[in-house]
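Visitor: I'd like a close look at a single part of this model rather than a quick tour of everything. Pick one element, walk me through it slowly, and show me how it sits in its surroundings.

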Amino acid sequence: MLRSGNAEGGRGWLDDALGVAALIGMVVALWLIFIYTPVELVQGAVQKVFYIHLASIWNAYLGFFIVFVASILYLRRASARTDRIARAWAEIGVVFTTITLISGAIWAKPIWGTYWTWDPRLTSTLVLWLIYVVYLMLPGLIGDPERGRRYAAIVGIIGFIDVPIVHMSVRWWRTLHPDPIVATVEGPALPMSMWYTVLFCIAVFTVLAVFLVRQRLQIDEMRETLNALRSPAR
Amino acid sequence: MDAIQNFDYLFAAYAILWVVVFGYFFFLTRQLGDLRREVNALREEREGRGSDEEEEAGA
């Protein structure tokens with residue numbers, strides 16, 4: 001029988017398809033990054049960190065946007081499923097913000113001469129990471145789980161304010177971080193080969209994020225099944 | 001700029017990407033596996049108890 005996933009925690013055909021697509025996509029992305037795109041003249045090989053750096057922050061923005069929407073829905077009507085979706089995407093957002101921060105620091109060392117500087121873009125991204133780490137920890141820190149989830153939803157809504165701040169920080173303040181070269185009014189300031197590679201990496205990372213979120217949601221569903229089995233009422 | 005040194009940084013960035021992504025994936029898979037085993041064990045226990053009760057009722 002074809003299943004897209006199930007409450008037993010088993011992987012369905014959709015999970016398998018997403019996993020295989022992400023894996024093949026990653027291999028193709030590596031070929032595009034290392035073979036297809038040219039080496040940048042000024043920065044050299046380390047410029048190729050840009051592709052994973054950008055695709056990672058895209059996943060983080062996407063994850064935190066879904067947390068924002070799901071948190072609004074949760075405050076309107078407290079639904080366990082909405083909370084589960086929000087928490088799964090928050091976790092993915094934190095994982096990819098971590099990759100963004102680390103890959104950025106590694107790129108910065110040979111280019112700026114330091115792994116870290118309290119630059120507006122870097123600082124606001126670190127704040128973003130901290131906001132969603134707190135978001136994930138909050139229900140466990142507050143005794144009443146229902147209240148904890150509501151507080152987390154409030155953090156999920158207010159915390160999203162930092163996303164446009166991170167994005168616009170390079171325009172609003174003097175910063176060491178390079179100016180936007182993809183999301184600009186004039187269009188991408190990149191050679192076409194680099195532009196196609198950026199788009200492909202974003203697509204592959206999105207598939208990977210959806211795959212990981214589905215795994216995360218299955219864990220929550222299994223936990224619920226386990227709690228129901230343990231409950232003395234049954 | 002030292003191109004070879006730059007290549008070390010490039011390698012480090014991609015290695016960390018794979019470590020974080022696969023590490024997270026294996027963390028999820030392991031959790032899911034443990035939970036599945038626990039659910040199956042509880043179900044079997046319940047089914048066993050259920051059939052014992054049926055046998056007792058039949059006797």
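**A close look at one helix**

Guide: Let's get our bearings with the contacts: in chain A, among those joining residues at least 6 apart in sequence, 72% link residues at least 24 apart. Keep in mind that this is a predicted model. Chain A has seven helices and zero strands, so to speak a plain run of α-α-α-α-α-α-α along the sequence. Its C-alpha trace spans about 70 × 45 × 30 Å along the principal axes, and buried residues make up 36% of its 234 residues.

The part I'd pick is α2 of chain A, covering residues 49-76. Start with its length. At 1.5 Å a residue, its 28 residues should span 40 Å, and the C-alpha atoms at its two ends are 41 Å apart, which agrees with that expectation. As for its surroundings, α2(A) is mostly covered, with 20 of its 28 residues buried.

A:Ser56 makes a good stop, as it belongs to this helix. Is it buried or exposed? A:Ser56 has 27 C-beta neighbours inside 10 Å, and the cut-off for buried is 20 or more, so it counts as buried. Who is around it? Setting aside neighbours within four places in sequence, A:Ser56 is in contact with A:Phe96, A:Ile99, A:Thr100, A:Ser103 and A:Phe205. Take A:Phe205 from that list: it is 149 residues away from A:Ser56 along the chain, yet their C-alpha atoms are separated by 7.1 Å.

Now move along to where α2(A) packs on helix α5 of chain A, residues 145-158. The two axes are 8 Å apart, and the angle is about 140°. How should we describe that angle? Over 145 degrees would count as roughly antiparallel, and 65 to 115 as roughly perpendicular; 140° fits neither, so α2(A) and α5(A) are oblique to each other. The crossing is left-handed.

Which residues do the meeting? From α2(A) you have A:Val67, A:Phe68, A:Ser71, A:Ile72, A:Tyr74 and A:Leu75, and from α5(A) you have A:Arg150, A:Ala153, A:Gly156 and A:Ile157. Sort the residues of this contact by type and you get seven nonpolar, two polar and one charged.

One of those α5(A) residues, A:Gly156, leads on to another neighbour. A:Tyr135, in helix α4 of chain A (residues 120-141), is in contact with A:Gly156 as well as A:Ala90, A:Ala152, A:Val155 and A:Gly159, leaving aside residues within four places of it in sequence. A:Tyr135 has 26 C-beta neighbours inside 10 Å and therefore counts as buried. From A:Tyr135 to A:Ile154 is 19 residues in sequence and 9.0 Å in space, C-alpha to C-alpha.

Finally, step back for a peek at the other chain. Chain B has one helix and zero strands, and of its 59 residues 14% count as buried. Between the chains, 24 residues of chain B are in contact with 27 residues of chain A. On chain B, the side that touches chain A divides into 18 nonpolar, three polar and three charged residues.

Notes:
Residues are numbered from 1 along each chain as its sequence is written. Chains are lettered from A and ligands numbered from 1 in the order in which they are written. This is a predicted model: local features need pLDDT of at least 70, side-chain atom pairs count only at pLDDT 80 or more; totals for chains, interfaces and linings use all residues. Axes are lines fitted to C-alpha atoms, for helices over the stretch in contact, and angles run from 0 to 180 degrees between N-to-C directions. Helices (H or I, at least four residues) and strands (E, at least two) are DSSP runs, numbered from the N terminus. Angles under 35 degrees count as roughly parallel, over 145 as roughly antiparallel, 65 to 115 as roughly perpendicular and the rest as oblique. A crossing is left-handed if the near helix is turned anticlockwise from the far one by less than a right angle, and right-handed if clockwise. Two residues are in contact if their C-beta atoms, placed from the backbone, lie within 7 Å. Ala, Val, Leu, Ile, Met, Phe, Trp, Tyr, Cys and Pro count as nonpolar, Asp, Glu, Lys and Arg as charged, and the others, Gly among them, as polar. The expected span of a helix is 1.5 Å times one less than its number of residues. A residue is buried if 20 or more other C-beta atoms lie within 10 Å of its own, exposed if 12 or fewer, and partly exposed in between; C-beta atoms are placed from the backbone.
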